[in-house]
Amino acid sequence: MWLTSVVVTALALASSVDAGNTFRDFTKYVNLFIGTEGPVPGSAYSAGNVFPGASLPFGAVKVGIDTTRWNISFAANAGYTPDGNVTAITMLHESGTGGAPTYGLIPQMPLTNLEGVNLLDNITYMQPRTSPDVASVGYYRTHLENGVTAEMSASMHAGIIKYQYPKNDGRYLLVDISHFIPSAGKKEQWYSNGQIERSADGTWYSGYGVYREGWGWGGDYRVYFCGHFDTTPTKAQLFSGKATDPYWPNTTDVKPTFTQQTSIQGGTIGYQYANRIGALFEFPSNVSTITSKVGISWISVDKACGFLDEIPSWNLNSTVAAAEDKWNSEVLSKIDVKTTNETQLEMFYTGLYHSHLLPSDRTGENPHWESDEPYYDDFYTIWDTFRCLHALTTLILPNRQIGIVRALIDIWRFERFMPEGRSHNHNGRVQGGSNADNVLADAYVKGLQGGINWADGYLAMKTNAEVQPYNNFDFEDPSGSTKEGRGGLQDWKQYGYVTTARGRCLSKTVDYSMNDFSLSQVARGEAPQDVALYLNRSTGWQKTWAANVTSLNFTGFLAPTLANGSFQAYNPLSCGDCDWKAISYEGVPWEYSFSFPFDMKTLISLMGGQKTFEARLDTMFIPGLTGSNQGGNSAGTTIFNPGNEPSFMTPFLYNYLPQKQWKSVKRSIDVVDEYYNNGRSGIPGNDDAGSMSSWLVWNMIGLYPVVTQPVYLVLAPRFEETTLQLGDAGGTLRIKARGLEKGQYVQSLKVNGQPWTKSWVSHEDLVGSKGEGGLLEFEMGPEAKTWDTGDVPPSPGYISK
């Protein structure tokens, strides 16, 4: 049914009040357009693909514009492109993703006349923008060529949109249920079917759309909607038309058929090529402003209508203010920094914002099973986010991370596997290993509890390690499952590595090694009898170490390895297309050969010892040595790739060498200063659901997490003082940097009042033995100092031979 019921410091910012709680307004330092363009100004090619529209933290609804772009080399993944024409304002988006788009669903599009408009061909009504869009936390505004200004905001499950129409033109709103963000090729998502009905006076409409596929594949799924206008239309009509792709003019003779009925169905339930359906509303000429609310549910129309209660006022500013308060209280206020540098403030708080848009909190909105557990969707993907994003959430929002871990385990309970990627309630796709294992291990070693059933959590991890997932025969790599689990598990268990018979054999071997190390970490508490098994399996990467392969005068690299143990001929500087069938995924063997933070002791030995390891690390940062062009997944010309996740930890591996911490600091500063900024191209590649942004946040704090271990590498803070609130009821971690104006290098460090000579700290050092927090005191200066004379970070995966 359609209706049921002048030193600028973040410490001196203006105050807001919400429910009696006073907190500072950090939202003014969030620039939502950072990461919306690539290296070519005005283009989204190789951009961060971030979502600049309105959303709450982990919002189930993300309200923003969708745009066309006639360049098949990239897509409008988050709806927005700087140069595309607007085709709709929609309720569901991802943020920062690569590959083919997902969502751009449940639209509205304001029109001022119908002359020459075919409602089934958005090329006939799409609108250029006549001035730059405006965005702030919880708010977005666009001005279209037809004279309409659209402003929008969002609650958790609903959006509000205000349209200002020009004086002497018509006032129409188009709702095309078949709308989605397009892309080229076999990974495009599709409209399948739908249903829409309206109230007799046209002030309400509701129904559902059925969609399928996209980057993560998957069959039909339903999204329910409920819309309400503050103004009664003079005319409301439903329409339908043949099934076509609404974004490409491949059918020129299709026209809409209107009906005076109050309900219309696309086709028989379950039919995937049903008619496209929608509604057209016309409003009185004496009304210049029309406001609409739209609720979204994955369960029912009733729930979608109920979610409109989240926005009680028709005043859009009230929803914006509530969104600002939510971001301030839940996320942004958790890290308070002191600095005189406004550019750094903007980079930092935008990075913190981008790090908490995904996954989407859909607790209570799972259409497939009933559960008392939290539910999150839109993991896009854990291959990207496990490296440092989840560790950030664990530190400052531990209850959120607990909910995410519980959701991952609950998905395993009902679907046999935890996801690697997941959208629209469907597991897929797997870029490498079963990296939810790493997320769980990191939470486990840092003591997260809060209702997590760790016995089940370990069983979920063990499923990944022992159960072969069925092969979904992905056209990009038919050699094993890309839906979930470990597609090369049969090789891993038989040979101890993934053979060249499987796509991405080298990078899968790297991932599976870390995944099994993760199992050994959790097994220490949950299944001690399994520790040796998985610790031994985590050494599988060593079986693929080609000790005689030479590149750039260095010897010994990971190599694609045949079942008989011999090595395939290859170039360690190249991964070819670096795609799903390549020997390694989005990274070259040179790069992946540094990817064993759980056993750096063995790695340094295999590379020839500390001096050779250092020289090899130095070589990673020499310009002009890159051997593979990875398109939108690469930045710069060094082997180290600042534009993608496999290189995330590489600049900081100097910490594993005695008295070389200063080099990690130098690399951190050089990479941030060259590749990150507060401009629209301020992220050097896809933000990958906040992965790149969280990497920046860690670098500016002056720490970096060694995931799956309760260890953080010490870098150098960018701020004079940083205060981290460790959860809602936790303690405070304070990081002070005295003498920062003198230089960037650490001269000395105290941890909790004690002189410190190690280039790493433990999780307990930061949060305290009872959650009371910690204190890091840096003395900074202009010269590199070898203050780090203590033990190097641990190698808990090391097994003596």
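Begin by selecting Arg413 and Asp456, which form a salt bridge whose closest N and O atoms are 2.9 Å apart. The model on display is a predicted one. Colour helix 6 (residues 398-415), which carries Arg413, and helix 8 (residues 454-466), which carries Asp456; the pair therefore ties together parts that are 43 residues apart in sequence. In total, the structure holds 37 salt bridges.

**A helix pair**

Next, select helix 5 (residues 389-396) together with helix 16 (residues 691-701). The two pack with their axes 8 Å apart, at an angle of about 60 degrees. Because of that angle, helix 5 is oblique to helix 16. The crossing of helix 5 past helix 16 is left-handed. To inspect the contact, show side chains for Leu389, Ala391, Leu392 and Leu395 on helix 5, and for Ser691, Ser694, Val697 and Trp698 on helix 16, where the two groups meet. Of the residues in this contact, six are nonpolar, two are polar and none is charged.

**The nine-stranded sheet**

Move now to the open sheet of nine strands, whose order is 7-8-9-10-19-14-13-12-17 and whose pairing is antiparallel. Strand 7 (134-136) and strand 17 (263-265) stand at the edges; each has a single partner strand, so one side of each lacks a neighbour in the sheet. On average, and ignoring direction, neighbouring strands here are turned by 20 degrees against each other.

Within this sheet, select strand 8 (residues 139-143) and strand 9 (residues 149-154), which run antiparallel and are joined by four bridges. Arg141 is found opposite Glu151 of strand 9. Then add helix 2 (residues 316-330), which packs on the sheet and touches strand 8, strand 9 and strand 10 (158-164). The direction of helix 2 makes about 45 degrees with that of strand 9.

**The six-stranded sheet**

The last stop is an open sheet of six strands with mixed pairing, in the order 20-29-30-34-31-32. Its edges are strand 20 (335-338) and strand 32 (754-756), each with a single partner strand, so one side of each is left without a neighbour in the sheet. From one strand to the next, the twist averages 20 degrees.

Finally, select strand 30 (residues 732-738) and strand 34 (residues 773-781), which pair in the parallel sense over seven bridges. Highlight Arg734 to locate one of the bridge partners: its counterpart in strand 34 is Leu775.

Definitions and conventions. Residues numbered from 1 in each chain as written. Predicted model: local features only at pLDDT ≥ 70, side-chain atom pairs only at ≥ 80, totals over all residues. Heavy atoms only, no water. Axes fitted to C-alpha atoms, helices over the stretch in contact; angles between N-to-C directions. Parallel < 35°, antiparallel > 145°, perpendicular 65-115°, else oblique. Left-handed = near helix turned anticlockwise from the far one by under 90°. Contact = heavy atoms within 4.5 Å. Nonpolar A, V, L, I, M, F, W, Y, C, P; charged D, E, K, R; others polar. Pairing = 2+ DSSP bridges. Salt bridge = Lys/Arg side-chain N within 4 Å of Asp/Glu carboxyl O.
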